[in-house]
Amino acid sequence: MIQTAKRQLAPIDFPILFLTLALLAFGLIMVLSAGAVRGFNATQNSYFYVFQQMKWMLVGFLFAFIAIKVPYVFWRRFAGFGVLLSLGLLIAVIFTDKGIATQGSARWIKIAGITVQPSEIIKLALVLFYAHILDRFPVKQGKDWRIPLGILIPVSILILGLVYKQPDLGTAMVLALTSAVMLLQTELSSIWFVAAVPTLGIPLFYFIHGYQWQRIMVWLDPWKYAKDIGYQITNAEIAFGSGGLFGVGLGRSLQKYGFLPENHTDMIFAMVGEELGLAGTLFLVFLFIALYARAYYVVQECPDRFGRLLGFGLTSTLAIQTTINLAVVTGVLPVTGITLPLISYGGSSLVITLTELGLLLNISRYRKKVAKSNIETNHSKVTV
């Protein structure tokens, strides 16, 4: 009797899983080192921040496990709800007394005793929404663009406006660039992208806040403002310079003793440079490149367009955020508050990042080549 052909899912992609765990381990070590002094000063516990990060990591593992087990196509039915929920949370943060402000920026809200950052949730929700709309209303040969763009552009402008209002320019940049690269996956005419740069870029200058102009001035000449508004980026440069080729040694940083602000969050890459040197920073960058390159490769093997769009968007939003953070910390871009995925301390960021990677691992189970191989294997099985 010949067994009938049966579709079997592939195992999750091991390289993505391995690289994710490697980056998580790297991040925990750096949070332990970078946050030790700050944790002791605040709570008399040098392990406070790393324990908090481990707690959020376990929560992230739970969400990632669910994302791996539930077929990715299931989540498209919640695409609209996810955007509406995120918009509601953003509005609550900005326009009600529920928002929690830190350093002049209202980015957090407390729900059931848990502090969450809606701008992190919107990163995932927006990618899911874009993938759903672009698959439902495909743009072919530059035509049929009115419905998808008529939906996506107003929603994107509203989201970007609310995120920028917090203000959170870094996340707004990630969302805008993610939206653009997802639209690039369609057959939309290139004239749209050429026109979008001056159309959106020129008005942006009008809305730039005073402190953001200051950051641009610091970016142009950081050491001119080293004693005040350029203090953070100049100390990041000192950290890199002190690290040299192989670093001063893990746990031996001097910048974490109150010199480098946000050394365990946005500026943690500078701590890597100081303690592990150029070799350590290059190794970390290699892990990120390997992870995103593998994810892009796996996504191409997804059998349906929605899955490819979703996987491409998830990978792109993580890659864009990583690139912006590294560029900011090394002085290539003006300072903006944005975390380094899987490395920086931060609960909302870590949970959402692990959820996104869980979805990528779920998509990896539907690879066409592996599925075809499994079907052929089943055809070859014969029992007497």
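The following legends describe close-up views of a predicted protein model.

**Figure 1. Overview of the predicted model.** The protein has 384 residues, of which 49% count as buried. Its secondary structure consists of 14 helices and three strands. Among contacts with a separation of 6 or more, 73% are made by residues 24 or more positions apart. The exposed surface amounts to about 18800 Å², and 69% of this area is supplied by carbon and sulfur atoms. The count of salt bridges in the protein comes to five.

**Figure 2. The salt bridge between Arg294 and Asp13.** The side chains of these two residues meet with an N to O distance of 2.6 Å. The pair links distant parts of the chain, with the two positions 281 residues apart in numbering: Arg294 belongs to helix 11 (residues 268–299), whereas Asp13 lies in the segment before helix 1 (14–34). The partners are unlike in accessibility: Arg294 is partly exposed, at a relative accessible area of 25%, while Asp13 is buried, at 2%. Asp13 falls in the buried class because its value is under 20%.

**Figure 3. The salt bridge between Lys123 and Glu120 in helix 5.** The N to O distance for this pair of side chains is 3.2 Å. Lys123 and Glu120 are separated by about one helical turn, because the two residues stand three residues apart in helix 5 (residues 118–136). Lys123 counts as buried, with 3% relative accessibility. Glu120 is likewise buried, with a value of 5%.

**Figure 4. The salt bridge between Lys256 and Glu275.** Here the side chains meet at 3.8 Å, N to O. Lys256 is placed in the loop between helix 10 (231–243) and helix 11, and Glu275 is placed in helix 11, so the salt bridge ties together parts that are 19 residues apart in sequence. Lys256 is buried at 6% relative accessibility, and Glu275 is buried at 1%.

**Figure 5. A salt-bridge network of Asp13, Arg294 and Arg367.** These residues are joined into one network by salt bridges that share partners. One of the salt bridges in the protein is that between Arg294 and Asp13, at 2.6 Å from N to O.

**Figure 6. The surroundings of Thr355 in helix 13.** Thr355 is located in helix 13 (residues 347–364). With a relative accessible area of 11%, Thr355 is buried. A polar atom of the Thr355 side chain lies 2.8 Å from the backbone oxygen of Val351. When neighbours within four places in sequence are left aside, the residues in contact with Thr355 are Phe63, Ala64, Ala67 and Leu124.

**Figure 7. A nonpolar patch on the surface.** The patch is formed by Ile153, Ile157, Ile191, Trp192 and Val194, which together have about 460 Å² of accessible area. Helix 6 (146–165) and helix 8 (190–207) are the elements that give two or more residues to the patch. Helix 8 gives the most, with three residues.

**Figure 8. Ile157 within the nonpolar patch.** Ile157 is a member of the patch and lies in helix 6. This residue counts as exposed, because its relative accessibility of 51% is over 50%.

Key: Residues are numbered from 1 along each chain as its sequence is written. This is a predicted model: local features need pLDDT of at least 70, side-chain atom pairs count only at pLDDT 80 or more; totals for chains, interfaces and linings use all residues. Side-chain values use heavy atoms; hydrogens and water are left out. Helices (H or I, at least four residues) and strands (E, at least two) are DSSP runs, numbered from the N terminus. Buried means under 20% relative accessible area, exposed over 50%, partly exposed in between (1.4 Å probe, protein chains only). Contact means heavy atoms within 4.5 Å. Accessible areas come from the Shrake-Rupley method with a 1.4 Å probe; for residues, only the protein chains shown count as cover. A salt bridge is a side-chain nitrogen of Lys or Arg within 4 Å of a carboxyl oxygen of Asp or Glu. A polar contact is a pair of N or O atoms within 3.5 Å; within protein, one must be able to donate a hydrogen and the other to accept it, and residues adjacent in sequence count only if both atoms are side-chain atoms. Patches are made of residues with over 30% relative accessible area and no salt bridge: like charges are joined within 9 Å, nonpolar side chains (Val, Leu, Ile, Met, Phe, Trp, Tyr) within 5 Å.
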